[in-house]
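Biologist: I have a structure open and no idea where to begin. Could you walk me through how to read it?

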Amino acid sequence: MGEEMKKVNIPYLDFEQDYPELTGISAGLDQLGIGNSISVVPWKTFPDGPDVRFNLAYGKQELFLKYSVVENYLIAEKTESNQAVYQDSCVEFFVEPEPGGPYMNFEFNCIGTCLAQTGPSRKDRLFLDTLLIKKIRRYSSLGKNRIPLKKGSFKWDLTVAVPFTLFLKKKPAKGDCFKANFYKCGDLLPEVHYLVWNNIESTVPDFHQPGFFGTIELQ
């Protein structure tokens, strides 16, 4: 691990409601600025891919995350929880709540369909129950309907509110730190790409690398 691990400080967004409207969350995240770039290409046999950024914040009950993407191809074939959304236009968030403990992967296609798993390694994972996945609130600028493959110039964003109860055993507090990484992929797109926030050192594309997670800290 020759590079310094990245870190993001996560501000608190003070809403009156425990579960504020996603449109308000999205606007609040926009006010934080242009955000963090998902632009590292660890595997040079694949193209640079789309322009991708994300912003993070948190509220009383949830972690707020917004992705903004510009890409040349668009597809959202998966409409049911825990389908292979990584084959579509996909953004991902991996988090390790406790050092050395199991980590969770939250993967979303561009219309918000979610695949979620937990486990200690790539080969040892359990899918999150679909009833729990329904607690992850999602708002896509593209709507919720299936999108067949399209070519052009597409700009879309996805706002997600992940309940802390899905990955924490206690109420979050200022100063809490978690290991995490953020990704963009599209395994079945004409332009296959694998972009990461914090660099990964491996010979083949593999996002399941908790040793290369950066840090996020609640402010």
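**Reading the model, feature by feature**

Modeller: Take a single residue as a warm-up. Leaving aside neighbours within four places in sequence, Asp 124 is in contact with Thr 118 and Gly 119. Bear in mind that this is a predicted model.

Biologist: Where is Asp 124 found?

Modeller: Asp 124 is in strand S8, residues 124-127.

Biologist: Is Asp 124 buried or exposed?

Modeller: Neither label fits. Its relative accessible area is 45%, so Asp 124 counts as partly exposed. Now look at distance along the chain and in space. Pro 102 is 22 residues from Asp 124 in sequence, and their C-alpha atoms are 9.8 Å apart.

Biologist: Let me try a loop. What does Gln 61 touch, beyond residues up to four places away in sequence?

Modeller: Gln 61 lies in the loop between S3 and S4. It touches Asp 18, Tyr 19, Val 162, Pro 163 and Phe 164. Gln 61 is partly exposed, at 27% relative accessible area. Glu 21 is 40 residues away along the chain, and 13 Å separates the two C-alpha atoms.

Biologist: Now helices. Why do residues three or four places apart point the same way?

Modeller: An α-helix has 3.6 residues a turn, so such residues share a direction. Turn to helix H1, residues 22-30. Its buried residues are Leu 22, Ile 25, Ser 26, Gly 28 and Leu 29. Seen down the axis of H1, they fall within an arc of 165 degrees, so they line one face of the helix.

Biologist: What do the buried residues of H1 pack against?

Modeller: Four strands: S3 (51-58), S4 (62-76), S9 (137-140) and S10 (147-163).

Biologist: How do I read strands as a sheet?

Modeller: Follow the pairing from one strand to the next. Here 5 strands form an open sheet, in the order S2-S3-S4-S10-S9, with antiparallel pairing. S2 (36-37) and S9 are the edge strands, each pairing on one side only.

Biologist: How many bridges hold S2 and S3 in their pairing?

Modeller: S2 and S3 pair over 2 bridges, in the antiparallel sense. Asn 36 stands opposite Phe 54 in S3.

Biologist: And S11? Which strands does it pair with?

Modeller: S11 runs antiparallel to S5, and 7 bridges join them. Glu 96 stands opposite Lys 179 in S11. S11 also pairs with S13, residues 214-218, over 4 bridges and again in the antiparallel sense. There, Ala 180 has Gly 214 as its bridge partner. Then comes S12, residues 194-196, joined to S11 by 3 bridges and also antiparallel. Tyr 183 stands opposite Val 196 in S12.

Biologist: How many of the residues of S11 are buried?

Modeller: S11 is mostly covered, with 7 of its 9 residues buried. A general point helps with strands: in a regular strand, side chains alternate between the two faces of the sheet.

Biologist: What about aromatic rings?

Modeller: Look at the ring centres and the angle between the planes. The whole structure holds 20 aromatic pairs. Phe 93 and Phe 182 are stacked, at 5.2 Å centre to centre with 20 degrees between the planes. Phe 93 is in S5 (residues 90-96) and Phe 182 is in S11 (residues 177-185), so this pair links parts of the chain 89 residues apart. Both Phe 93 and Phe 182 are buried.

Biologist: Why is the pair of Phe 94 and Tyr 183 edge-to-face?

Modeller: Their planes stand at 90 degrees, with centres 4.9 Å apart, so the pair is edge-to-face. Phe 94 lies in S5 and Tyr 183 in S11, so this pair too ties together parts 89 residues apart in sequence. Phe 94 is buried at 0% relative accessibility. Tyr 183 is buried as well, at 0%.

Biologist: Do rings gather in groups? Which residues form the aromatic cluster?

Modeller: Trp 43, Phe 46, Phe 94, Tyr 103, Tyr 183, Tyr 194, Phe 207 and Phe 213 form one cluster. Arg 125 lies over the face of Tyr 103, 4.0 Å from the ring centre.

Biologist: Last topic, the cores. Which residues have the most contacts inside the largest one?

Modeller: The largest nonpolar core has 44 residues, and those with the most contacts inside it are Phe 54, Leu 56, Phe 93, Phe 106, Phe 182 and Ile 216. Apart from it lies another core, of 14 residues, including Val 85, Tyr 103, Tyr 183 and Tyr 194.

Notes
Residues are numbered from 1 along each chain as its sequence is written. This is a predicted model: local features need pLDDT of at least 70, side-chain atom pairs count only at pLDDT 80 or more; totals for chains, interfaces and linings use all residues. Side-chain values use heavy atoms; hydrogens and water are left out. Rings of Phe, Tyr and Trp (its six-membered ring) pair if their centres lie within 6.5 Å; planes under 30 degrees apart count as stacked, over 60 as edge-to-face and the rest as tilted. Buried means under 20% relative accessible area, exposed over 50%, partly exposed in between (1.4 Å probe, protein chains only). A charge sits over a ring if NZ of Lys or CZ of Arg is within 6 Å of the ring centre and within 35 degrees of the ring normal. Contact means heavy atoms within 4.5 Å. The arc is that of the directions from the helix axis to the C-beta atoms. A nonpolar core is a set of buried Ala, Val, Leu, Ile, Met, Phe, Trp, Tyr and Cys residues joined through side-chain atoms within 4.5 Å. Two strands pair if DSSP finds at least two bridges between them.
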